[in-house]
Amino acid sequence: AEVPVYLTSLQFVGQSALKVSTDELDKTIDLNKTKEVVDALSFRIPVHVNATARPDRPYFYRPSIIQNQYSTAGDAPVFLPHSPASLKAHATYEVNGVEVNVERTVRMRRSNLPYGYKSEPLRILPRVSVNASPATRMIPVQKGGRFEVEVEVVNNDDSGTDGVLSLQLPEGWRSYPDVHLVQFASSGERDIFVFEVEAGDLAERVYDIHVACVIDDVAYSEGYEKIERNEFETQYLYESAMIQVRGVDVDIAENLNVGYIMGVGDEVPSGIQQLGATVELLDEQDLARAELSSYDVIVVGTRGYAVRDDLLNYNNRLMDYARNGGHVVVLYQTPEYQPEHMAPYTASLPRNAEEVSEQDSPVTVLEPDNPVFHAPNTITESDFDGWVEQRGSKFFSTWDSNYTPLVEMHDTGQPPQKGAWLTAAVGEGRFTYFALAIHRQTPYAVPGPYRIFANVLSLGQ
């Protein structure tokens, strides 16, 4: 027997800036009188997103990793995996004379080749996403100079976009060009715009550069990172389109030429360039055949021995380079690095190698008269302030007497650790194991680590 089923109303609940047209649903629809039920269940309902609509974003946030916990926005529904959806549909049915109410989150279906289609909640995005890089950089106050700012703009407006992109600079600074014209024809288009910024007079402080793309008198000044996995709903992590430039009182040896052997990937080479040195990334052919004596210092990046077979194969060339007058600096490594065989003098790096996780743990300088603490920068206690995440990781546990340990540190309740930073004369040159977390400090322009690392790179020059 037929059961009378009627869709008596369909309403949408969401932001007031979302206008949903339901004109065709003003009358009751008898689902039993349609030719095919699927016809009665399918509607095209226009949704207009006003320019004042709030983008969907997580209810938790933090401005950077320097803040060690997330903040929540206002009356956010903490403990939910996601923020509530922007738009919900509320349907009222009459089934055999009984009213039934159903509410569902409005979802969208999109192609997800080669896995078919993916259904996700409707998310409101800003008209454009504006992402600026680098997020943080350092400039030596004595040198000043120019640097590049890259701004990626992503268009989300199907009707196209015309805008003006500019930087809000500190007083006395200039950018070349002053503005970029932004033009997109369809949603999904993106482009990268480059500004060359000339810094004015610098002091030891942080300067903010704000980026804005103005479209129809509305300034868009934030961007997002899209986190997309097949098994999870897509998330958009937002941050302000802003660059922080820190003036640092730091110096480095003149005309320093640095070879860098990249490991798992870090921003240390960029940090060295910001100090004013020349950096060249060394590939397998360089390690095998290049004239290494052309470099004043060669740095092995974090976990290089874990991911670079060529580094294992040609490690002897690095040791010969040191014996012939070069300086090899090895950043923190994992047990793939066996200093008892690979370093100029024996040492041990066990699988459970120690680290110091408290970034503000006390540090004691063991050799205060060592030249590395005096030139070109005078290192003081303040250079160990403001570190991010940790002091260092993967310390030597024992070492030959030819090594000189330079600092001692420890976490609360941990025995004193002296294996984080050791140096040794090797023939006519030098070898340094530097397990302090310089790779975690350079992305945030922490002044002290820059000053210390500049001294390490300059040692003997």
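1. Strands β9 and β10 of this predicted model pair in the antiparallel sense, over five bridges. β9 covers residues 107-111. Within the pairing, R109 of β9 has S119 in β10 as its bridge partner. The two strands form a hairpin with five residues between them. In that hairpin G116 takes a positive phi near 95°.

2. Salt bridges come next. The search of the whole structure finds 16 of them. Side chains of opposite charge can pair when their charged atoms come close. Three pairs and one network are taken up below.

3. R123 and E233 form a salt bridge, with 3.8 Å between the closest N and O atoms. The pair links distant parts of the chain, 110 residues apart. R123 sits in the loop between β10 (117-121) and β11 (128-133). E233 sits in the loop between β20 (222-227) and β21 (235-240). Are these two residues buried or exposed? R123 has a relative accessible area of 16%, and because buried means under 20%, R123 is buried. E233 is at 25% relative accessibility and counts as partly exposed.

4. R190 and E152 meet through their side chains in a salt bridge, at 3.2 Å from N to O. R190 lies in strand β17 (residues 190-198) and E152 in strand β13 (residues 146-155), so the contact ties together parts that are 38 residues apart in sequence. R190 has a relative accessible area of 51%; the cut-off for exposed is over 50%, so R190 is exposed. E152, at 21% relative accessibility, counts as partly exposed.

5. E389 and R440 make a salt bridge between their side chains, with an N to O distance of 3.5 Å. Where do the two partners lie? E389 is in the loop between β28 (363-365) and β29 (398-399), while R440 is in helix α8 (residues 438-441). The pair links distant parts of the chain, 51 residues apart. E389 is partly exposed, with a relative accessible area of 35%. R440 counts as partly exposed too, at 26% relative accessibility.

6. Which residues are joined into one network by salt bridges that share partners? They are R110, K118, E120, K226 and E228. This brings the note back to the opening hairpin: R110 falls within β9 (residues 107-111), and K118 and E120 fall within β10 (117-121). K226 falls within β20 (222-227).

Note on methods. Residues are numbered from 1 along each chain as its sequence is written. This is a predicted model: local features need pLDDT of at least 70, side-chain atom pairs count only at pLDDT 80 or more; totals for chains, interfaces and linings use all residues. Side-chain values use heavy atoms; hydrogens and water are left out. A salt bridge is a side-chain nitrogen of Lys or Arg within 4 Å of a carboxyl oxygen of Asp or Glu. Helices (H or I, at least four residues) and strands (E, at least two) are DSSP runs, numbered from the N terminus. Buried means under 20% relative accessible area, exposed over 50%, partly exposed in between (1.4 Å probe, protein chains only). Two strands pair if DSSP finds at least two bridges between them.
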